[in-house]
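Me: Could you walk me through this model, one question at a time? I'd like the cut-offs along the way.

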Amino acid sequence: MSTTTLPGSNLKFAWLEVTGRCNERCTHCYADSGPERGHGTMTVADWVRVIDEFAAMGGADVQYIGGEPTLYPHLPELIAHAAGRGLGIEIFSNMTHIKPEVWEAITAHGAKLATSYYSDNAAEHDDITKLRGAHRKTRANVQKAVDLGIPIRGGVVTLREGQRAMEAVTDLKSIGVQQVGGDRIRAFGRASEGARPQIKDLCGHCAHEKCAIGPDGAVWPCVLGRFIDVGNVREEPLADIWTGDRLAQARSDIAAVHGPGAAACTPPQFLPMCGPCGPCVPSVQHCDPEEAPLQAATIATT
């Protein structure tokens, strides 16, 4: 008997949130991460097993996130393991704390980088990240990545009136960053200011070929949909969660709000997987594809 595979039901991409710890405390952090947070209860063996399960399911790409993933002491080991399973790898980092062994793992295994950048003005960038010297360190390491030939994407989130967002885009391009996107603030984590997260604030593409796994093993439809817990990889295999009733119900709930399409563009991770279009440039001031032309969705040097 043949079975029908629903569009988007194959798992192709996974965010692996290896830590909740971050040396920054960004005012809009969707994960509410910070210096006081820990690495969670997932062991290295747990992460290795999950990567193996993901690869066995036909997964293609992983993105290591946090918190700040470069603070996770076993990141080089996990980069190497994912590469050994033939997976594409990207690390989403604030680029302020990259040790030599992390640089070595990135270059040795062909990993990519992505980062957030808020202003060409150091004081403004540091005020958003709540870390003195963050702008100087981030910019220097972005330049180092470019010099090393490491593919790197940048993203500028517009948070406040008068923010030098477009200048930040221009600055990243001047360094040599080939792909720069932008987004508006999203009402999750600290940016929600205590408001309860809602499905309507998601993009509508959650659990469409993608999922996120947190530091304690929780599985979510996406990094912003962490209020929708569909299982835990410490308790059951990823394949069982992906095909299970809880994720099916989550998909149904999301579809009931968003319908067959999506109401908003890519969240701050700037992933093309998230569709329906790339992130808007900061000057557009909104991220609704119904209002913003697709050609304004991404910025790339030519």
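**Cavities and helices**

Reply: About 380 Å³ of space lies in the largest cavity. This is a predicted model, where local features need pLDDT of at least 70, side-chain atom pairs count only at pLDDT 80 or more, and totals for chains, interfaces and linings use all residues. Residues are numbered from 1 along each chain as its sequence is written, and side-chain values use heavy atoms, with hydrogens and water left out.

Me: How many cavities of 30 Å³ or more turn up in the whole structure?

Reply: On a 1 Å grid over the protein atoms alone, a cavity is a set of points where a 1.4 Å probe fits but cannot get out. Points are joined across faces, edges and corners, and the volume is the space filled by probe spheres set on them. With that 30 Å³ floor, the search of the whole structure gives three.

Me: Which residues lie nearest the centre of the largest cavity?

Reply: Lining residues have an atom within 4 Å of a point. β4 (112-116) and α4 (122-129) each supply at least two of them; helices here are DSSP runs (H or I, at least four residues), as are strands (E, at least two), numbered from the N terminus. Of the 27 lining residues, those nearest the centre are Tyr30, Gly67, Phe92, Ser116 and Tyr118.

Me: Why do the buried residues of α2 line one face of the helix?

Reply: Buried means under 20% relative accessible area with a 1.4 Å probe, protein chains only. In α2 (residues 75-84) that covers Leu75, Pro76, Leu78, Ile79 and Ala82. Take the directions from the helix axis to the C-beta atoms: seen down the axis of α2, the buried residues line one face because they fall within an arc of 165 degrees.

Me: Which residues does Ile79 contact, leaving aside neighbours within four places in sequence?

Reply: Ile79 sits in helix α2 and is buried, at a relative accessible area of 0%. Contact means heavy atoms within 4.5 Å. On that basis Ile79 touches Tyr64, Ile89, Ile91, Ala105, Ile106 and His109.

Me: At roughly what angle do the axes of α5 and α6 cross?

Reply: Axes are lines fitted to C-alpha atoms, for helices over the stretch in contact, with angles from 0 to 180 degrees between N-to-C directions. His135, Arg139, Val142, Gln143 and Val146 in α5 meet Asp171, Leu172, Ser174 and Ile175 in α6. The axes of α5 (residues 134-148) and α6 (residues 165-175) come within 9 Å, and they cross at roughly 40 degrees.

How values were computed
Buried means under 20% relative accessible area, exposed over 50%, partly exposed in between (1.4 Å probe, protein chains only). On a 1 Å grid over the protein atoms alone, a cavity is a set of points where a 1.4 Å probe fits but cannot get out, and a pocket is an open set with protein on both sides within 12 Å along at least five of seven lines; lining residues have an atom within 4 Å of a point.
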